[in-house]
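This report goes through charged pairs, a buried acid, cysteines and aromatic rings in turn. Please keep the structure open while reading.

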Amino acid sequence: MSSSPSRPRSSSSSASSSARKRLLISAGVAVAAVTLGIVSWQATAPEDRPARASSAAAAAPKGSDVHAELAKLARRESGDKLAAGRADAPVVLIEYSDFKCGYCGKFARDTEPALVKKYVEDGTLRIEWRNFPIFGADSEAAAKAAWAAGQQDRFAQFHAAAYADGAKEKGFGQARLLELAREAGVPDLDRFRQDMDGEGAAAALRKDQEEGYRIGVTSTPSFLVNGRPIAGAQPLDAFAAAIAQAKAQARPEGAGQADGQAAR
């Protein structure tokens, strides 16, 4: 089995992604102007390569503020239904993922729970999810369903159910998505159906996709840790090292506030 992060296999979905990316680049979006050509996302092997920023980012000129610009993508919205952790956490991990992506599932099952337990619960880390479906209609349907579950505060539960071992093999048709919503404990299934098919879900999905395309995300899962890219379902130690570095770099600015909170 290949150990690289999942990439779209469908030629039609690849063509659609490429067309959308070209459109967004030509629009001259501000973040793209800073990051495209500097940051590229590469397939890194979870088992045999260490986590690293892309070679293009590593080769950026000294003094480049690319990571600072990427860090600004953290939304830190207190009411974000697809986020976990304090809005003022010193470290924000942004995750671009697809529910049909096998390596996204590996991260969700093997690594993310440990990050939540160790870093989210103590206030160090905030995790912000971005729906980035690259495997066609089923991926987009699952993304909208996850958003709809989030509107009833069941995103985390839906996320866990959709990434459970063997879940993606059952597909993400309408009936299956309703089954996952029940498993996740979504209380109002009628509202879930309406939200899933509504403009709110479509708009949220477009926002996440366009953000990913602006910064050159080409595979899932892809991550930003305070603006520093990590590609692939890296092992826990790789994320722990990135979080520790980001926290150390963030500390001088927020040290007083953090110390005051710790003393309470």
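With which residue does Asp-110 form a salt bridge? The partner is Lys-106, and the closest N and O atoms are 3.5 Å apart. The model is a predicted one. Asp-110 and Lys-106 sit four residues apart in helix α5, so about one helical turn separates them. Asp-110 is partly exposed at a relative accessible area of 49%, and Lys-106 is partly exposed at 26%.

**Salt bridges**

The whole structure holds 15 salt bridges. Three of them are listed here, including the pair already described.

| Salt bridge | N to O distance |
|---|---|
| Asp-110 and Lys-106 | 3.5 Å |
| Arg-126 and Glu-128 | 2.9 Å |
| Arg-206 and Glu-199 | 2.6 Å |

Arg-206 is partly exposed, with a relative accessible area of 37%, while Glu-199 counts as exposed at 51%. A network of salt bridges with shared partners takes in Arg-75, Arg-126, Glu-128, Arg-130, Asp-208 and Glu-211. Within the pair Arg-126 and Glu-128, Arg-126 is buried, at a relative accessible area of 3%, and Glu-128 is buried at 0%.

**Asp-80**

Asp-80 belongs to the loop between α4 (66-71) and β1 (83-84). This residue is buried but has no salt bridge. Its nearest side chain of opposite charge is that of Arg-126, 4.3 Å away; a salt bridge requires a distance within 4 Å, so this pair does not count. The Asp-80 side chain does reach the backbone nitrogen of Leu-82, at 2.8 Å.

**Cysteines**

Cys-101 is buried at 1% relative accessibility, and Cys-104 is buried at 0%. Zero disulfides are found in the whole structure.

**Aromatic rings**

There are 11 aromatic pairs in the whole structure. In one of these, Phe-99 and Phe-158 meet edge-to-face, with 6.1 Å from centre to centre and 90° between the planes. Phe-99 lies in the loop between β2 (91-97) and α5 (102-110), and Phe-158 lies in helix α8 (residues 155-162), so the pair ties together parts 59 residues apart in sequence. Phe-99 and Phe-158 are both buried. They belong to one aromatic cluster together with Trp-129, Phe-155, Tyr-163 and Phe-192.

**Gln-152**

Phe-192 is also among the contacts of Gln-152, a residue in the loop between α7 (137-150) and α8. Gln-152 is buried, with 7% relative accessibility. Setting aside neighbours within four places in sequence, its other contacts are Val-186, Pro-187, Asp-188 and Arg-191.

Definitions and conventions. Residues numbered from 1 in each chain as written. Predicted model: local features only at pLDDT ≥ 70, side-chain atom pairs only at ≥ 80, totals over all residues. Heavy atoms only, no water. Helix = DSSP H or I, 4+ residues; strand = E, 2+ residues; numbered from the N terminus. Buried < 20%, exposed > 50% of the residue type's maximum accessible area, 1.4 Å probe, protein only. Lys, Arg positive; Asp, Glu negative; His and termini not counted. Polar contact = N/O pair within 3.5 Å; in protein donor to acceptor, adjacent residues only side chain to side chain. Disulfide = S-S within 2.5 Å. Phe/Tyr/Trp six-rings, centres within 6.5 Å; stacked < 30°, edge-to-face > 60°. Contact = heavy atoms within 4.5 Å.
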